[in-house]
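Let's take a friendly walk through this structure, looking at its surface, its interior and its charged pairs.

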Amino acid sequence: MSHYPEREWSLILDEWREQQRQHGKKRVTVNGPLLAEFLEEMLTEEEVLLQQQRDHEAQSIREAILGKRAVLEMEGVEVETERPEVIVDLTRIPRYEEYR
């Protein structure tokens, strides 16, 4: 007996049919092995998407705690450092006598 409710099977079959249409297949007979392969692909894709989502959330948390620049540096990304231009006005430097 399947552990998927009837409504969920209907949604799975609709998704499978749409995928077949996108790949240019007009009519394909649904059988157990094809459907099992499709479900495996979908589960694998879902796991990858969930991991990407967790990674993205973790990065947001690290950035909130450490700051975006620190996170990028930890990940080995070169960060351009904007250095303020320092202008020295030599006319304003005090002149001292030479000690002998």
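Which helix gives the most to the negative patch? Helix α2, spanning residues 32-66, does so with six residues. Please keep in mind that this is a predicted model.

**The negative patch**

On the surface, E15, E37, E40, E41, E45, E46 and E47 gather in a patch of negative charge. One of these residues, E37, has its place in helix α2. With a relative accessible area of 47%, E37 is partly exposed. Patch residues need over 30% relative accessible area and no salt bridge, so E37, at 47%, passes the accessibility cut-off.

**The nonpolar patch**

The surface also carries a nonpolar patch, formed by I61, I65, L66 and M74. Together these residues have about 450 Å² of accessible area. Here again α2 supplies the largest share, with three residues. I61 lies in helix α2, and its relative accessibility of 53% makes I61 count as exposed. The boundary for exposed is over 50%, which is why I61 falls in that class.

**The core**

Turning inward, which residues make up the largest nonpolar core? There are five of them: I12, W16, L35, F38 and L39. Helices α1 (6-22) and α2 each supply at least two residues of this core, and the largest share, three residues, comes from α2.

**Salt bridges**

Side chains of opposite charge can pair when their charged atoms come close. How many salt bridges does a search of the whole structure find? It finds two, and they are set out below.

| Salt bridge | Closest N and O atoms |
|---|---|
| R17 and D14 | 3.5 Å apart |
| E18 and R21 | 3.4 Å apart |

R17 and D14 both belong to helix α1, where they sit three residues apart, about one turn of the helix. E18 and R21 also both lie in helix α1, three residues apart, again about one turn of the helix.

Are the partners in these bridges buried or exposed? R21 counts as exposed, at 51% relative accessibility. Its partner E18 counts as partly exposed, at 35%. In the other bridge, R17 is partly exposed at 38% relative accessibility, and D14 is likewise partly exposed at 40%.

**Bringing it together**

Helix α2 gives the most to the negative patch, and the largest share of the nonpolar patch and of the largest nonpolar core also comes from α2. Helix α1 holds the R17 and D14 pair as well as the E18 and R21 pair.

Key. Residues are numbered from 1 along each chain as its sequence is written. This is a predicted model: local features need pLDDT of at least 70, side-chain atom pairs count only at pLDDT 80 or more; totals for chains, interfaces and linings use all residues. Side-chain values use heavy atoms; hydrogens and water are left out. Patches are made of residues with over 30% relative accessible area and no salt bridge: like charges are joined within 9 Å, nonpolar side chains (Val, Leu, Ile, Met, Phe, Trp, Tyr) within 5 Å. Accessible areas come from the Shrake-Rupley method with a 1.4 Å probe; for residues, only the protein chains shown count as cover. A salt bridge is a side-chain nitrogen of Lys or Arg within 4 Å of a carboxyl oxygen of Asp or Glu. Lys and Arg count as positive and Asp and Glu as negative; His and the chain ends are not counted. The place of a charge is taken as NZ of Lys, CZ of Arg, CG of Asp or CD of Glu. Helices (H or I, at least four residues) and strands (E, at least two) are DSSP runs, numbered from the N terminus. Buried means under 20% relative accessible area, exposed over 50%, partly exposed in between (1.4 Å probe, protein chains only). A nonpolar core is a set of buried Ala, Val, Leu, Ile, Met, Phe, Trp, Tyr and Cys residues joined through side-chain atoms within 4.5 Å.
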